[in-house]
Amino acid sequence: MNNLTVIDHPLIKAKITQMRDVNTTTKMFGELVDEISGLMCYEITRDLEVEEIEIETPITKTKGYRIKGSDLAIIPILRAGLGMVKGIHQLIPTAKIGHIGLYRDHDTLQPVEYLCKLPNDLEHRNVILVDPMLATGGSAVKAIEILKERGAKSIRLASLVGCPEGVAAVHNTYPDVPIYLAAMDEKLNEKGYIVPGLGDAGDRLFGTK
Ligand code: PRP
Ligand code: URA
């Protein structure tokens, strides 16, 4: 599929399997989300442009690199997206962090917005939108709409577990937004949950329902 990267790595495969396990505790689940997000960051940022700079080591002057242009923004979709922030932020400490609060209405499965706090220079930033689950795609599509309305020009979406329905929803609406997944699952069930999936990511991360 166009503009879709399912990251194929043994560490990610093994850690996603541990996350799926119904016996994995809240503490362990959070640690795994953190670790997988960090591992994914390597691939998500692969195409960032760098520029040459001059530095001085204790031995001599030399040339090196820095990320070109202005910094990044990491935008989690609350609540579950919060779990993915630390692993990425550790690797890109200059990134600003914005928040988009959305929850899925249990009956309609439509996203409901309850919070939006974003960096005010989004148009100059590469945005990494994070949410562990890409199910119907409704939340991701809504979040991308909000980001574009606020001027974001470069957006990439990172989710841990996706399914064909969610990927199609994002691609059909925003074909310019690349999607990065740690796992592509089979389908959605009649309640809008990813199968085999891992259940409700927010509930498992925070231990609340
Ligand atoms: C979950 C998940 C995504 C959304 C995915 O959030 O974290 O945001 O569902 O579903 P979709 O692709 O069908 O929109 P939820 O609404 O359960 O809120 P939470 O993160 O607060 O638990
Ligand atoms: N949201 C989740 O947290 N899990 C799913 O399977 C679908 C939506």
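This passage describes the surroundings of two ligands in a predicted model, followed by an aromatic pair and some features of the backbone.

In the predicted model, ligand 1 sits in the largest pocket, and the elements that give two or more residues to the shell around this ligand are strand β6, spanning residues 99-104, strand β9, spanning residues 133-134, and helix α4, spanning residues 138-149. The shell around ligand 1 is made up of 15 residues, of which the closest are R104, D131, T136, G137 and S139. When the residues of this shell are sorted by class, six are nonpolar, five are polar and four are charged.

Several polar contacts to oxygen atoms of ligand 1 can be described in terms of the protein atoms that take part. A polar atom in the side chain of T136 is placed 2.5 Å from an oxygen atom of ligand 1, and the side chain of S139 likewise offers a polar atom, at 2.6 Å from an oxygen atom of the ligand. The backbone also takes part, since an N or O atom in the main chain of A135 lies 2.9 Å from an oxygen atom of ligand 1. Considered on its own, ligand 1 exposes 500 Å², and 92% of that area is buried by the protein.

The space taken by ligand 2 is likewise the largest pocket. The residues around this second ligand are R104, M133 and A135, together with G192, Y193 and I194, and finally G199, D200 and A201. By class, the shell of ligand 2 contains five nonpolar residues, two polar residues and two charged residues. R104 is thus listed among the closest residues to ligand 1 and is also found among the residues around ligand 2.

For ligand 2, the polar contacts described here involve backbone atoms of the protein. A polar backbone atom of I194 is 2.8 Å from an oxygen atom of the ligand, while a nitrogen atom of ligand 2 has a backbone N or O atom of G199 at a distance of 2.8 Å. A further contact is made by A201, whose backbone places an N or O atom 2.9 Å from an oxygen atom of ligand 2. Of the 240 Å² of accessible area that ligand 2 has on its own, the protein covers 89%.

Turning to the aromatic side chains, the model contains one aromatic pair. This pair is formed by Y103 and Y114, whose ring centres are 6.1 Å apart and whose planes meet at 35°, an arrangement classed as tilted. The two partners come from distant parts of the chain, with Y103 in strand β6 and Y114 in strand β7, which covers residues 111-117, and they are separated by 11 residues. The loop between β6 and β7 holds L109, a residue that has a positive phi of about 65° although it is not a glycine.

Two cis peptide bonds may also be described. One of them joins L78 and R79, with an omega of about -5°, and R79 belongs to the loop that runs between β4, residues 72-78, and α3, residues 85-89. Another cis peptide bond leads from V195 to P196, where omega is near 0°. P196 lies in the loop between β13, residues 194-195, and α6, residues 201-206, and I194 and A201, which belong to the residues around ligand 2, each provide a backbone atom for a polar contact with that ligand.

Definitions and conventions:
Residues are numbered from 1 along each chain as its sequence is written. Chains are lettered from A and ligands numbered from 1 in the order in which they are written. This is a predicted model: local features need pLDDT of at least 70, side-chain atom pairs count only at pLDDT 80 or more; totals for chains, interfaces and linings use all residues. Side-chain values use heavy atoms; hydrogens and water are left out. A residue is near a molecule or strand if one of its heavy atoms lies within 4 Å of it. A polar contact is a pair of N or O atoms within 3.5 Å; within protein, one must be able to donate a hydrogen and the other to accept it, and residues adjacent in sequence count only if both atoms are side-chain atoms. Accessible areas come from the Shrake-Rupley method with a 1.4 Å probe; for residues, only the protein chains shown count as cover. On a 1 Å grid over the protein atoms alone, a cavity is a set of points where a 1.4 Å probe fits but cannot get out, and a pocket is an open set with protein on both sides within 12 Å along at least five of seven lines; lining residues have an atom within 4 Å of a point. A molecule sits in a cavity or pocket if more than half of its atoms lie within 2 Å of its grid points. Helices (H or I, at least four residues) and strands (E, at least two) are DSSP runs, numbered from the N terminus. Ala, Val, Leu, Ile, Met, Phe, Trp, Tyr, Cys and Pro count as nonpolar, Asp, Glu, Lys and Arg as charged, and the others, Gly among them, as polar. Rings of Phe, Tyr and Trp (its six-membered ring) pair if their centres lie within 6.5 Å; planes under 30 degrees apart count as stacked, over 60 as edge-to-face and the rest as tilted.
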